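Look at the chain below and follow the path of its backbone from one end to the other. Then read on.

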Amino acid sequence: MTHCNDHLKRMANPVCEVLLTEAPLKAPQKDGDPAAGAVVDFWGVVRGVEDGREIDGIEYEAHREMAEHQLRLLAEAATEKFQLKKVMVHHRVGFVRTGEASLFLQVRAQHRAAAFEASKWIVDGLKKKAPIWKRPRFKIDSPSPRSGAASSATKQL
């Protein structure tokens, strides 16, 4: 099995890029790869309603080292399974307001079917395996996302 780390040793440009950050997510600079005939960008955006109630946003917490490790394993497995040219997984931690992106995923593949399938596979795996938890801040809650009703609503992605 080929891993991203092996690719990194052989290539000037990394194949897998994983980032956990408190900063707002941005689309990467466009760089053409003639081997990638398909580029799929997925933005996971915080909805205004969670469990039927209006929210101001979501507080994301992660076990950083384990989350980065799991995201890297997912990216590496997807690279192998779908023969991807590049995978980028950027996830926010901290408070993310309604309407802002909490996840950016970019998958590059030779063909569109692989890019779309890999994108879904990675997001599904992230929700199951990455130790990233979300806690909505409901509009009726106090300003602290760790208080009362908000802390009882903690969910794993």
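The paragraphs below go from the fold to the core and then to the largest pocket.

This is a predicted model, in which local features need pLDDT of at least 70, side-chain atom pairs count only at pLDDT 80 or more, and totals for chains, interfaces and linings use all residues. Residues are numbered from 1 along each chain as its sequence is written, and side-chain values use heavy atoms, with hydrogens and water left out.

The protein chain has four helices and nine strands (DSSP runs numbered from the N terminus: H or I of at least four residues for helices, E of at least two for strands). Their order along the sequence is α-β-β-β-β-α-β-β-β-α-β-α-β.

Of the 157 residues, 43% are buried (under 20% relative accessible area, with a 1.4 Å probe and protein chains only). In soluble globular proteins, nonpolar side chains tend to be buried together. Here the largest nonpolar core (buried Ala, Val, Leu, Ile, Met, Phe, Trp, Tyr and Cys residues joined through side-chain atoms within 4.5 Å) has 35 residues, and Leu84, Val89 and Leu126 have the most contacts inside it. Elements that each supply at least two residues of this core include helix H2 (64-82) and strand S5 (84-92). Leaving aside residues up to four places away in sequence, Leu126 touches Leu71, Leu74, Val89, His91, Leu103 and Leu157 (a contact means heavy atoms within 4.5 Å).

What divides the lining of the largest pocket into nonpolar, polar and charged residues? The lining has nine nonpolar, three polar and four charged residues, where Ala, Val, Leu, Ile, Met, Phe, Trp, Tyr, Cys and Pro count as nonpolar, Asp, Glu, Lys and Arg as charged, and the others, Gly among them, as polar.

Definitions and conventions:
Buried < 20%, exposed > 50% of the residue type's maximum accessible area, 1.4 Å probe, protein only.
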